[in-house]
Amino acid sequence: QGGVSVFVPLEAGARKRLATFTRGMVFGEMAVIDRAPPSAMIVADTEVICEVLSTEDFDRLGTTHTGLKIKLLESLCLVLCRRLRTVNRKLSVFDD
């Protein structure tokens, strides 16, 4: 429950808000999938209660609950595709 905002850092310590996530939405999925450092900063807008799936637990699902891991990966892929399509639409306004 609650809400968080997603920010990316800009020059001179400034930051740009990219999105707001509310109940039922996921964040942090890119770092779990590609093991790279987070690409953005999450800041709580309100009191937040969320479930956390560690990288280790996610990896363990591959041996303990393979079907569940596949479903999670499918769901995360859909989330990432939707976000990428949204960004593509926003960027298309800059095309000549």
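**Exercise 1. Place Leu84 and state which surface feature it joins.**

Step 1. Find the element. Leu84 sits in helix α3, which spans residues 66-92. Helices here are DSSP runs of H or I with at least four residues, strands are E runs of at least two, and both are numbered from the N terminus.

Step 2. Check the cover. Leu84 has a relative accessible area of 52%. Leu84 is therefore exposed. The classes are these: buried under 20% relative accessible area, exposed over 50%, partly exposed in between, with a 1.4 Å probe and protein chains only.

Step 3. Look for partners. Leu84 forms a nonpolar surface patch with Val87, Leu91, Val93 and Phe94. Together they have about 540 Å² of accessible area. Patch members have over 30% relative accessible area and no salt bridge; nonpolar side chains (Val, Leu, Ile, Met, Phe, Trp, Tyr) are joined within 5 Å, like charges within 9 Å. Areas come from the Shrake-Rupley method with a 1.4 Å probe, and for residues only the protein chains shown count as cover.

A note on the source: this is a predicted model, in which local features need pLDDT of at least 70 and side-chain atom pairs count only at pLDDT 80 or more, while totals for chains, interfaces and linings use all residues. Residues are numbered from 1 along each chain as its sequence is written, and side-chain values use heavy atoms, with hydrogens and water left out.

**Exercise 2. Describe the overall build of the protein.**

Step 1. Count the elements. The protein has three helices and three strands. Their order from the N terminus is β-β-α-β-α-α.

Step 2. Size the model. Along the principal axes, the C-alpha atoms fill a box of roughly 50 × 35 × 25 Å.

Step 3. Assess burial and surface. The protein has 96 residues, of which 14% count as buried. About 7600 Å² is exposed, and carbon and sulfur atoms supply 60% of that area.

Step 4. Assess contact range. A contact means heavy atoms within 4.5 Å. Take the contacts with a separation of 6 or more: 49% of them come from residues 24 or more positions apart.

**Exercise 3. Analyse the hairpin of β1 and β2.**

Step 1. Establish the pairing. Strand β1 covers residues 3-9 and strand β2 residues 15-22. They run antiparallel and are joined by seven bridges. Two strands pair if DSSP finds at least two bridges between them.

Step 2. Pick a facing pair. Phe7 stands opposite Arg17 in β2.

Step 3. Inspect the turn. Five residues lie between the strands. Ala12 is in this loop. Its phi is near 60°, a positive value in a residue other than glycine. Ala12 counts as exposed, at 87% relative accessibility.

**Exercise 4. Is Glu29 buried or exposed, and what does its side chain meet?**

Step 1. Locate the residue. Glu29 belongs to helix α1, residues 29-34. With a relative accessible area of 6%, Glu29 is buried.

Step 2. List the neighbours. Leaving out residues up to four places away in sequence, Glu29 touches Leu76, Leu80 and Arg83.

Step 3. Classify the charged pair. Glu29 and Arg83 meet in a salt bridge, 2.7 Å from N to O. The pair links distant parts of the chain, helix α1 and helix α3, 54 residues apart. A salt bridge is a side-chain nitrogen of Lys or Arg within 4 Å of a carboxyl oxygen of Asp or Glu.

Step 4. Check the partner. Arg83 is partly exposed, at 25% relative accessibility.

**Exercise 5. How many salt bridges does the whole structure hold, and which parts do Arg35 and Glu74 join?**

Step 1. Take the total. The search finds four salt bridges.

Step 2. Examine Arg35. Arg35 pairs with Asp59, with the closest N and O atoms 2.5 Å apart. Arg35 lies in the loop between α1 and β3 and Asp59 in helix α2, so this bridge ties together parts 24 residues apart in sequence. Both residues are partly exposed: Arg35 at 44%, Asp59 at 35%. Arg35 also has a positive phi of about 65°, although it is not a glycine.

Step 3. Examine Glu74. Glu74 bridges to Lys71, the closest N and O atoms being 3.7 Å apart. Both lie in helix α3, three residues apart, about one turn of the helix. Glu74 is partly exposed at 42%, whereas Lys71 is exposed at 54%.
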